[in-house]
Amino acid sequence: AVGYLEGMDIGQCLALGAAAGTLAVSRLGAVSSIPTRAECEDVLERLTTRDHGAAGSVMPQTSKEGKEKDEGQQERRDEEAERCPFLFSSRLNSMKDRPELWDGSFDTLGLVRRQGGVRGLGLVDFNYPQHLQGLSDTEVQSTLRDVGLDCGAICLRYPKKFRAGALSNPDARLRREAIELTKEAGEWARKLGAKHLIVWSAYCGK
């Protein structure tokens with residue numbers, strides 16, 4: 001939002017937001033984890049230097065008021081957006097919004113196909129077991145390939161039967177079931193080539 005108000009193009013806005021998020025999740029706390037602008041620009045500068053040598057920053061250069069908006073400037077902005085060093089993902093459930101804009105199915109594979117049409121997204125995050133029950137990894141991999149996406153993460157969401165705790169449930173049988181579910185989620189991450197397994201322990205510790 002800050003970048004947009006400053007007149008950055010969409011690629012630069014996304015890069016700035018991703019840099020801020022990268023720093024925030026590396027620190028403890030809420031307010032205390034919020035990075036400064038200088039820290040975000042430092043992250044982007046280091047990534048740009050690493051991946052593109054001296055090609056320049058993905059951040060816009062300071063310019064005078066009323067800077068020109070000719071064809072040459074637009075081409076430069078397009079090039080900077082293409083050099084964005086981040087991959088962007090979306091939770092699959094977000095593809096259920098605005099159903100009137102989608103004429104395909106709303107099952108898991110249909111939502112993957114819809115996400116494949118969103119410019120700028122390269123990864124899909126699947127909830128497990130909710131999104132993958134009844135599917136084979138071959139089916140999912142095939143659909144991902146068809147639309148040019150990869151699996152970014154498997155997000156383990158324990159069902160409501162674990163409301164008294166998953167890995168910490170007082171019932172040994174449910175604890176064992178939670179362990180097996182966690183292992184299954186890890187196996188799905190391996191099969192789909194995901195780099196992240198997110199374990200959301202919503203019910204543990206309450």
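Which residue in S3 is the bridge partner of Asp125? The legends below address this point and the surroundings of the sheet in a predicted model.

**View 1. Strands S2 and S3 are paired in the parallel sense.** Strand S2 covers residues 123–128 and strand S3 covers residues 150–157. Six bridges join the two strands. At one position of this pairing, Asp125 has Ala153 in S3 as its bridge partner. Strands of a sheet pair through backbone hydrogen bonds, in either a parallel or an antiparallel manner.

**View 2. Four strands make up an open sheet with parallel pairing.** The order of the strands is S1-S2-S3-S4. Strand S1 (89–91) and strand S4 (196–200) occupy the edges, and each has a single partner strand, so one side of each lacks a neighbour in the sheet. On average, neighbouring strands of this sheet are turned by 25° against each other, direction ignored.

**View 3. Helices H5 and H7 pack on the sheet.** Helix H5, formed by residues 108–115, touches S1 and S2. The direction of H5 makes about 160° with that of S2. Helix H7, formed by residues 172–192, touches S2, S3 and S4. Between the direction of H7 and that of S3 the angle is about 175°.

**View 4. Helix H6 packs against helix H7.** Two packed helices are described by the angle between their axes and the distance between the axes. For H6 (residues 137–147) and H7, the angle is about 40° and the axes lie 10 Å apart. H6 is therefore oblique to H7. The crossing in which H6 passes H7 is right-handed. From H6, the residues Asp137, Val140 and Gln141 meet Trp188, Lys191 and Leu192 of H7. Sorted by class, this contact of H6 with H7 contains three nonpolar, one polar and two charged residues.

**View 5. Leu132 lies in the loop between S2 and H6.** Is this residue buried or exposed? Leu132 has a relative accessible area of 2%, and because values under 20% count as buried, Leu132 is buried. Residues up to four places away in sequence aside, Leu132 touches Phe126, Asn127, Val140, Ile154 and Trp188. Of these contacts, Val140 is one of the H6 residues that meet H7, and Trp188 is one of the H7 residues that meet H6. Ile154 is 22 residues from Leu132 along the chain, and the C-alpha atoms of the two residues are separated by 9.8 Å.

Key:
Residues are numbered from 1 along each chain as its sequence is written. This is a predicted model: local features need pLDDT of at least 70, side-chain atom pairs count only at pLDDT 80 or more; totals for chains, interfaces and linings use all residues. Side-chain values use heavy atoms; hydrogens and water are left out. Two strands pair if DSSP finds at least two bridges between them. Axes are lines fitted to C-alpha atoms, for helices over the stretch in contact, and angles run from 0 to 180 degrees between N-to-C directions. Contact means heavy atoms within 4.5 Å. Angles under 35 degrees count as roughly parallel, over 145 as roughly antiparallel, 65 to 115 as roughly perpendicular and the rest as oblique. A crossing is left-handed if the near helix is turned anticlockwise from the far one by less than a right angle, and right-handed if clockwise. Ala, Val, Leu, Ile, Met, Phe, Trp, Tyr, Cys and Pro count as nonpolar, Asp, Glu, Lys and Arg as charged, and the others, Gly among them, as polar. Buried means under 20% relative accessible area, exposed over 50%, partly exposed in between (1.4 Å probe, protein chains only).
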